[in-house]
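Trainee: I am new to this structure, and I would be grateful for a close look at a single part of it, with each term explained when it first comes up.

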Amino acid sequence: MASIMTNAAALTALQSLNATNKSLEQTQARISTGYRVSEASDNAAYWSIATTMRSDNQALSTVQDALGLGASKVDTAYTGMNNALDTIGKIKTKLLSTIGQTGAAKAKTQTEITALQAQMKSFADAATFSGSNYLSVTSTQVAAPNDGVQADAKIVSSFNRSSSGAISLGTIDIDVESTKLFDSGLSTAVKNQGTLDRQTSVYSTAAAQDLYDTAYAAAIAGGGTDIAANTAGQTAAGAVVPRIDNVSAYNLDITAAGVTDDIITQMVGKIDKVMSQLTDSATILGAAKSSIDLQKTFTQSLMDSIDRGVGQLVDADMNKESTRLQALQVQQQLGIQSLSIANSSSQSILSLFKNG
């Protein structure tokens with residue numbers, strides 16, 4: 001039936017052309033943005049997942065920066081620790097060489113030892129990065145005398161999201177109380193001094209020194225203060241054997257009054273124990289350094305995995321979209337031609353009313 005009121009062919013052609021134009025706009029948007037899902041209206045589920053994962057990836061990027069900063073701090077402390085360890089070894093050698101020397105020779109050697117002691121303090125004080133120093137610290141009293149200790153240094157190492165969506169942070173903790181070499185806090189505030197400035201008693205016999213060291217170590221292991229440990233050690237060693245009090249690796253002086261070759265011999269033993277403690281401290285820093293490096297590598301791999309996962313959800317396949325674009329452009333041209341033909345059919349009705 002030919003009708004001038006309703007052109008069914010034109011309506012069909014118009015609907016087809018509108019659908020083609022809509023698909024063409026969608027394809028052009030995908031090509032221009034590079035995303036198959038760029039808005040919630042494209043695919044609400046995928047868009048929500050991608051948005052959350054991108055946010056998490058930004059958080060992981062911050063974690064990566066924190067790990068880099070933490071690695072620099074630990075590297076700085078580790079360098080200072082190694083230099084202090086080398087220097088304490090030189091002091092040990094100097095002490096060994098003084099046994100049996102004259103007083104004048106010992107005085108010259110002490111001058112060298114004093115210079116090495118100052119160098120150790122310089123190493124510890126200089127081992128600062130971004131305001132953090134794990135070797136030279138200042139402890140303060142918290143609630144009672146001699147309760148001041150150093151809190152663990154925390155380096156943010158991970159950003160975690162549970163299956164329920166709850167967020168948590170992981171940290172790599174560094175036991176600064178164990179790595180400190182010097183503690184410049186008040187004597188009434190500090191619980192335990194640093195490895196190099198901790199003052200103990202040095203005896204003239206190995207037997208008395210062993211008794212002192214054993215009792216001292218037991219008191220420290222039980223959570224005692226340096227003061228309590230020193231008292232326990234002196235009680236165990238007794239008061240018969242000559243001793244020198246308040247001796248540390250940082251202040252020992254072979255020219256001080258009462259220092260004999262026997263006491264210097266025990267000083268060598270004290271320095272040897274200090275070297276062992278420094279080695280333990282270096283191990284703590286080395287383990288932290290290794291953990292940070294491993295976590296940095298893992299975090300970067302995790303970020304790359306998230307990027308790939310998000311890409312699979314929302315990225316457009318440009319090969320597919322370019323092929324689709326060409327097909328839709330052809331469909332658009334054909335739709336326009338079809339609509340033109342459908343519209344022209346109405347004109348043919350006029351010919352029925354022309355005079356013959």
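Mentor: Helices and strands here are DSSP runs, numbered from the N terminus, where a helix is a run of H or I with at least four residues and a strand is a run of E with at least two. The model is predicted, so local features need a pLDDT of at least 70 and side-chain atom pairs count only at pLDDT 80 or more, while totals for chains, interfaces and linings use all residues. Residues are numbered from 1 along each chain as its sequence is written, and side-chain values use heavy atoms, with hydrogens and water left out.

Let us take helix H7 as our part, and approach it by way of the other helices. Helix H1 covers residues 8-33, and its 26 residues reach 38 Å from first C-alpha to last, close to the 38 Å expected (1.5 Å times one less than the number of residues). Following H1 comes Gly-34, which has a positive phi near 85°. Among the buried residues of H1 (buried being under 20% relative accessible area, exposed over 50% and partly exposed in between, with a 1.4 Å probe and protein chains only) are Ala-10, Leu-17, Leu-24 and Arg-30, and the buried residues of this helix pack against helix H8, residues 318-344. Helix H2 has 55 residues, which at 1.5 Å a residue should span 81 Å, and its end C-alpha atoms are indeed 81 Å apart. Just after H2, Gly-100 takes a positive phi of about 90°.

Now we come to H7 itself, beginning with the largest nonpolar core, a set of buried Ala, Val, Leu, Ile, Met, Phe, Trp, Tyr and Cys residues joined through side-chain atoms within 4.5 Å. This core has 54 residues, and Ile-88, Leu-95, Leu-181, Leu-196 and Met-267 have the most contacts inside it. At least two of its residues come from each of helices H2, H3 and H7 and strands S4, S5 and S8, and H7 gives the largest share, 16 residues. Setting aside neighbours within four places in sequence, Leu-181 is in contact (heavy atoms within 4.5 Å) with residues including Met-81, Ala-84, Leu-196 and Leu-278. A second, separate core has eight residues, Ala-208, Tyr-216, Ala-229 and Ala-237 among them.

H7 also borders the largest pocket (on a 1 Å grid over the protein atoms alone, an open set of points where a 1.4 Å probe fits, with protein on both sides within 12 Å along at least five of seven lines; lining residues have an atom within 4 Å of a point). Of the 30 residues in its lining, Arg-198, Tyr-216, Ile-220, Lys-273 and Gln-277 lie nearest the centre. Two or more lining residues come from each of helix H4 (176-179), strand S7 (200-203), helix H5 (206-221) and helix H7 (261-314), with the largest share, nine residues, from H7.

Finally, consider one residue of this helix, Asp-262, which lies in H7. Because its relative accessibility is 47%, Asp-262 counts as partly exposed. Apart from residues up to four places away in sequence, Asp-262 touches Tyr-203 and Ser-204, whereas its C-alpha atom is separated by 36 Å from that of Asp-175, 87 residues away along the chain.
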